[in-house]
4 protein chains.
Amino acid sequence: MPAAQTLNPMVEARIASKFEKQQAMKLLDARLLLVKPGEVEIEMPFNMAFTQQNGYIHAGILTTLVDSACGYAAYSLMPPNCGVLSVEFKVNFLSPALGEKYLGVGKVIKAGRTITVCSGEVLAVKNGIETLVAIMQATMMTMVERNE
Amino acid sequence: MPAAQTLNPMVEARIASKFEKQQAMKLLDARLLLVKPGEVEIEMPFNMAFTQQNGYIHAGILTTLVDSACGYAAYSLMPPNCGVLSVEFKVNFLSPALGEKYLGVGKVIKAGRTITVCSGEVLAVKNGIETLVAIMQATMMTMVERNE
Amino acid sequence: MPAAQTLNPMVEARIASKFEKQQAMKLLDARLLLVKPGEVEIEMPFNMAFTQQNGYIHAGILTTLVDSACGYAAYSLMPPNCGVLSVEFKVNFLSPALGEKYLGVGKVIKAGRTITVCSGEVLAVKNGIETLVAIMQATMMTMVERNE
Amino acid sequence: MPAAQTLNPMVEARIASKFEKQQAMKLLDARLLLVKPGEVEIEMPFNMAFTQQNGYIHAGILTTLVDSACGYAAYSLMPPNCGVLSVEFKVNFLSPALGEKYLGVGKVIKAGRTITVCSGEVLAVKNGIETLVAIMQATMMTMVERNE
């Protein structure tokens, strides 16, 4: 994992620990690629088990990837005694998701006391070439003293 | 599966066939519960493998369930030589998703030649009691002669 | 205005008072048609000044109408010392908005302590016939002690 | 208006002409600030007539501004014999919209044959300082031979 320049190591450790407990991330065979303050990247491989009838990754699976990236990005800027919750999100699908692996990128646009707004992207990587396949606009919520 | 009163049996057979080919539906251990013209219900069981760090079903997994229900609902009203594609969707999460099983319900609000707008719900079922845990508003697209 | 059966008259008066202070509602020549607990209807006339280049009402003007209906619907279930804020919304446009008048209907789907989720509709009324022209899914927020 | 480096002057003229016919843009006292291929900026002044009860610009009015910017941005990349239609959009409101004027910026993220996906921003300008107050994710549609 690349070193996060300015991130509190405690925060990075908390996110790595939360990520480990996410059964859904194991289901996607996903790994945490980057943690910076307000930005998180998660990678998952192509897997036939995630596909629709046409052989592309299911829109909901791509959403699972990028929702997690956005959630952790929001979480990276929250106080220690808090948890994060997806209030809602909206995703546009731009291109068929063809690739050997997929990158979910979540970035904080505005971090408020209660509400954090994030912007997310899914990139499909094929032969080293990245294609933007989906974009997300998400609303996350700080849950005080709900951090496990 | 309940009999669909007015649905062309051909359409029901096509949806069942498409559903069988969806690896992502197998991943969720999902089954097609109801097919009516413009309405589809899909059920999935609770599974620890689908959860977040707090033990609730991941928002993206619930999205996968209800996106499929909306997609098939849209597809049920499309001409035979067409496929369906998720253009975009938006989901609000209302309550923690606690239940033994989950019901994804997709309904067509407006079926156009190119664009079909759907409304979706996710219900968590616990001890026979249904709780609305998420709502979706989705835009589906008719892909002419893309039906496999 | 039809009598609201179970609504606290204080709440109806508060909403009517808030509505009066909304300059944007005056701009649309809008009037409050119905206030029930968790449901509000607002009506506006057709006006060339609200149209796009093709003579239909601008999507943003329809959004203004139904966002207000959803906001007041959320507000109708909030404690007295609170204000309401639109966190976000998503609107699908279903049909060209042709009519003599337009009805914005907002309904609360889930009222939480901080977050209220609403569902909205815009109906175009032409020769007494209502056509659904837009649907909204909105997230409203309770602002404690921000009520003016 | 700044010169658009690579834009077909025909396109710029078509957008300016369409803008002139938009009654809703006159209502907002809006002016076209920038037209580039796939990017459009529109400006409107603060006006008490656009406000909510708390004195901020109504969420729907900001939406009208940025929806138009996104629509024209999509239109700038469409073939000559086409019109543009808002299929749907989603807007998050980040900060109270305080300013002397407001800038709606629309950018094309992906231009397809039928569907164009745009990203929009609303900036409030106060004493020369720009604050991001809203972000939009929008789906536009090409209407063939519907150009008036």
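# A tour from the strands of chain C to the contacts of chain A

Begin in chain C by selecting C:G104, which stands opposite C:V122 in β5(C). What is on screen is a predicted model, and the tour moves outward from this pair of residues to the sheet and then to the contacts between chains.

**Stop 1: the strands around β4(C)**

Extend the selection to the whole of β4(C), residues 101-111, and to strand β5 of chain C, residues 115-126. These strands run antiparallel and are joined by 10 bridges, and they form a hairpin with three residues between them. Now add strand β2 of chain C, residues 39-45, which pairs with β4(C) in the antiparallel sense over seven bridges. To find the register of that pairing, pick C:E41, whose bridge partner in β4(C) is C:V105.

**Stop 2: β3(C) and β6(C)**

Next select strand β3 of chain C, residues 82-93, together with strand β6 of chain C, residues 129-144, and follow their antiparallel pairing over 11 bridges. A convenient marker here is C:L85, which stands opposite C:M141 in β6(C).

**Stop 3: the sheet across chains C and D**

With chains C and D both shown as ribbons, trace the strands in the order β1(C)-β2(C)-β4(C)-β5(C)-β6(C)-β3(C)-β3(D)-β6(D)-β5(D)-β4(D)-β2(D)-β1(D), which make up an open sheet of 12 strands with antiparallel pairing. At the edges stand β1 (31-36) of chain C and β1 (31-36) of chain D, each with a single partner strand, so that one side of each is left without a neighbour in the sheet. Looking along the sheet, one can follow a twist that averages 25° from one strand to the next.

Add the two helices that lie across these strands. Helix α3 of chain C, residues 59-75, lies across β2, β3, β4, β5 and β6 of chain C and also across β3 of chain D, running at about 40° to β4(C). Helix α3 of chain D, residues 59-75, lies across β2, β3, β4, β5 and β6 of chain D together with β3 of chain C, and runs at about 40° to β4(D).

**Stop 4: chains A and B**

Turn now to chains A and B, and select strand β3 (residues 82-93) of chain A with β3(B): five bridges join these strands, which run antiparallel. Within this pairing, A:V91 has B:F89 as its bridge partner in β3(B).

Widen the selection to the full contact, which takes 29 residues from chain B and 29 residues from chain A. On the side of chain B that touches chain A, α1 (9-21), α2 (23-27), α3 and β3 (82-93) each supply at least two residues, and the largest share, eight residues, comes from β3(B). Coloured by class, the residues on this side of chain B divide into 11 nonpolar, 12 polar and six charged.

How are the two chains placed relative to each other? A rotation of 180° with 0.0 Å of shift along its axis superposes chain B on chain A, with an RMSD of 0.0 Å. Of the residues of chain B, B:K90 comes closest to that rotation axis, its C-alpha lying at 2.0 Å. The same surface serves both copies, in that 100% of the contact residues of chain B recur in chain A.

**Stop 5: the helix pair α3(A) and α3(B)**

Keep chains A and B in view and isolate helix α3 (residues 59-75) of each, which pack at an angle of about 160° with their axes 8 Å apart. Because angles over 145 degrees count as roughly antiparallel, α3(A) and α3(B) are described as roughly antiparallel to each other. The crossing of α3(A) past α3(B) is right-handed. To see the contact itself, show the side chains of A:A59, A:G60, A:I61, A:T63, A:T64 and A:D67 from α3(A) and of B:A59, B:G60, B:I61, B:T63, B:T64 and B:D67 from α3(B). By class, this contact has four nonpolar, six polar and two charged residues.

**Stop 6: chain D against chain A**

Finally, select the contact between chains D and A, which takes nine residues from each chain. On the side of chain D that touches chain A, β3 (82-93), β4 (101-111) and β6 (129-144) each supply at least two residues, with β6(D) giving the most, three residues. By class, this side of chain D has four nonpolar, three polar and two charged residues.

Chain D can be laid on chain A by a turn of 180° and a shift of 0.0 Å along the axis, with an RMSD of 0.0 Å. The two copies are therefore related as by a two-fold rotation axis, and the same surface serves both, since 100% of the contact residues of chain D recur in chain A.

Key: Residues are numbered from 1 along each chain as its sequence is written. Chains are lettered from A and ligands numbered from 1 in the order in which they are written. This is a predicted model: local features need pLDDT of at least 70, side-chain atom pairs count only at pLDDT 80 or more; totals for chains, interfaces and linings use all residues. Two residues are in contact if their C-beta atoms, placed from the backbone, lie within 7 Å. Helices (H or I, at least four residues) and strands (E, at least two) are DSSP runs, numbered from the N terminus. Ala, Val, Leu, Ile, Met, Phe, Trp, Tyr, Cys and Pro count as nonpolar, Asp, Glu, Lys and Arg as charged, and the others, Gly among them, as polar. Copies are superposed by least squares on the C-alpha atoms of residues with pLDDT of at least 70 in both. Axes are lines fitted to C-alpha atoms, for helices over the stretch in contact, and angles run from 0 to 180 degrees between N-to-C directions. Angles under 35 degrees count as roughly parallel, over 145 as roughly antiparallel, 65 to 115 as roughly perpendicular and the rest as oblique. A crossing is left-handed if the near helix is turned anticlockwise from the far one by less than a right angle, and right-handed if clockwise. Two strands pair if DSSP finds at least two bridges between them.
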